[in-house]
Amino acid sequence: MPSKSLEKEIEEGSVDDTEIEYIERVYGWPIEKQLPFYRRLYKKRANMALALYHRNHPDEQYQFLQVRLNEVYSFIEYRLKDPDHMHMNFVALNIKTGLEKLFFAELCMLNDVYDANSGFVAIACEIIDGNCEGGRRIKCIYKDGKFPPDYYDGQNCYACGEKIRHPPGAVYRAGHDVLGYGVGEEESLVE
């Protein structure tokens, strides 16, 4: 076993932060104790997405800044073989320019739930700008009032609430079923 002096110190919320994956330990805790835990977990998820972004855009480097808890939504996508998905927005800093950018990420549970990331893998990560839309979960409104064939809208997300901004639909794979997620209240964890 390596000595303490040789062990790499793992930053909380980094891609290598496996300790944060044991979410069951927070059940029953008061909300004020849960918030730091979820901030750390979603920081890790955002860093997983940034790693994907950096592989796809090797000339760009971003550093995670923040994620608000009401900008993360987990849901089941019944049309897909691997149904557990998460959509999130987070802010990251461009290392070269110093500019902050808003990102959209989609993660999917593709692996063993007991792995270092609870089975989650980042499958989409893009910078979003003025050409983005919020989710349509609460509204459940299709643009022209008519439902598309097979109740599938490849351009919009009906799983997430309006606070979660999405790029054009071809970038992400889940959330396109117009009627499949139910209508309800937004999440109660709000900052």
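**View 1. One salt bridge is counted in this predicted model.** The model is predicted, not experimental. Side chains of opposite charge can pair when their charged atoms come close. Here the partners are Glu 71 and Arg 68, whose side chains meet at 3.9 Å, N to O. How accessible is Glu 71? Its relative accessibility is 15%, so Glu 71 counts as buried. Arg 68 stands at 35%, so Arg 68 counts as partly exposed.

**View 2. The largest nonpolar core holds 28 residues.** Five residues have the most contacts inside this core: Tyr 42, Met 88, Phe 90, Phe 103 and Leu 107. Which elements supply at least two residues each? They are helix 1 (31-56), strand 1 (62-66), strand 3 (84-94), strand 4 (100-109) and strand 5 (120-128). Helix 1 gives the most, with 11 residues.

**View 3. Tyr 42 touches residues beyond its sequence neighbours.** Set aside everything within four places in sequence. Tyr 42 is then in contact with Val 67, Leu 69, Val 72, Met 86 and Met 88. Met 88 appears again among the residues with the most contacts inside the largest core.

**View 4. A second core is separate and has 11 residues, including Phe 75, Phe 104, Cys 157 and Ala 159.** Cys 157 is buried, with a relative accessible area of 2%.

**View 5. Tyr 62 and Phe 103 form an aromatic pair, after a search of the whole structure that finds eight such pairs.** The ring centres of Tyr 62 and Phe 103 are 5.1 Å apart. Their planes stand at 80°, so the pair is edge-to-face. Where do the partners sit along the chain? Tyr 62 is in strand 1 and Phe 103 is in strand 4, 41 residues apart, so the pair links distant parts of the chain. Tyr 62 has 7% relative accessibility and counts as buried. Phe 103 is buried too, with a relative accessible area of 0%.

**View 6. Phe 64 and Phe 90 form a tilted aromatic pair.** Their rings lie 6.4 Å centre to centre, with 40° between the planes. Phe 64 lies in strand 1 and Phe 90 in strand 3, so the pair ties together parts 26 residues apart in sequence. Are these rings buried or exposed? Phe 64 is buried, at 12% relative accessible area. Phe 90 is buried at 0%.

**View 7. Ring pairs join five aromatic residues into a cluster.** The members are Tyr 53, Tyr 62, Phe 64, Phe 90 and Phe 103. Both pairs shown above thus have their residues in this cluster: Tyr 62 with Phe 103, and Phe 64 with Phe 90.

**View 8. The charged end of Lys 33 sits over the ring of Trp 29.** The distance from that charged end to the ring centre is 4.5 Å.

**View 9. The count of disulfides is zero.** Cys 108 is buried, with a relative accessible area of 0%. Why is Cys 157 in no disulfide? The nearest cysteine sulfur belongs to Cys 160 and is 3.7 Å away, whereas a disulfide needs the two sulfur atoms within 2.5 Å. Cys 157 is also one of the residues of the second core.

Technical notes:
Residues are numbered from 1 along each chain as its sequence is written. This is a predicted model: local features need pLDDT of at least 70, side-chain atom pairs count only at pLDDT 80 or more; totals for chains, interfaces and linings use all residues. Side-chain values use heavy atoms; hydrogens and water are left out. A nonpolar core is a set of buried Ala, Val, Leu, Ile, Met, Phe, Trp, Tyr and Cys residues joined through side-chain atoms within 4.5 Å. Buried means under 20% relative accessible area, exposed over 50%, partly exposed in between (1.4 Å probe, protein chains only). Helices (H or I, at least four residues) and strands (E, at least two) are DSSP runs, numbered from the N terminus. Contact means heavy atoms within 4.5 Å. A salt bridge is a side-chain nitrogen of Lys or Arg within 4 Å of a carboxyl oxygen of Asp or Glu. Rings of Phe, Tyr and Trp (its six-membered ring) pair if their centres lie within 6.5 Å; planes under 30 degrees apart count as stacked, over 60 as edge-to-face and the rest as tilted. A charge sits over a ring if NZ of Lys or CZ of Arg is within 6 Å of the ring centre and within 35 degrees of the ring normal.
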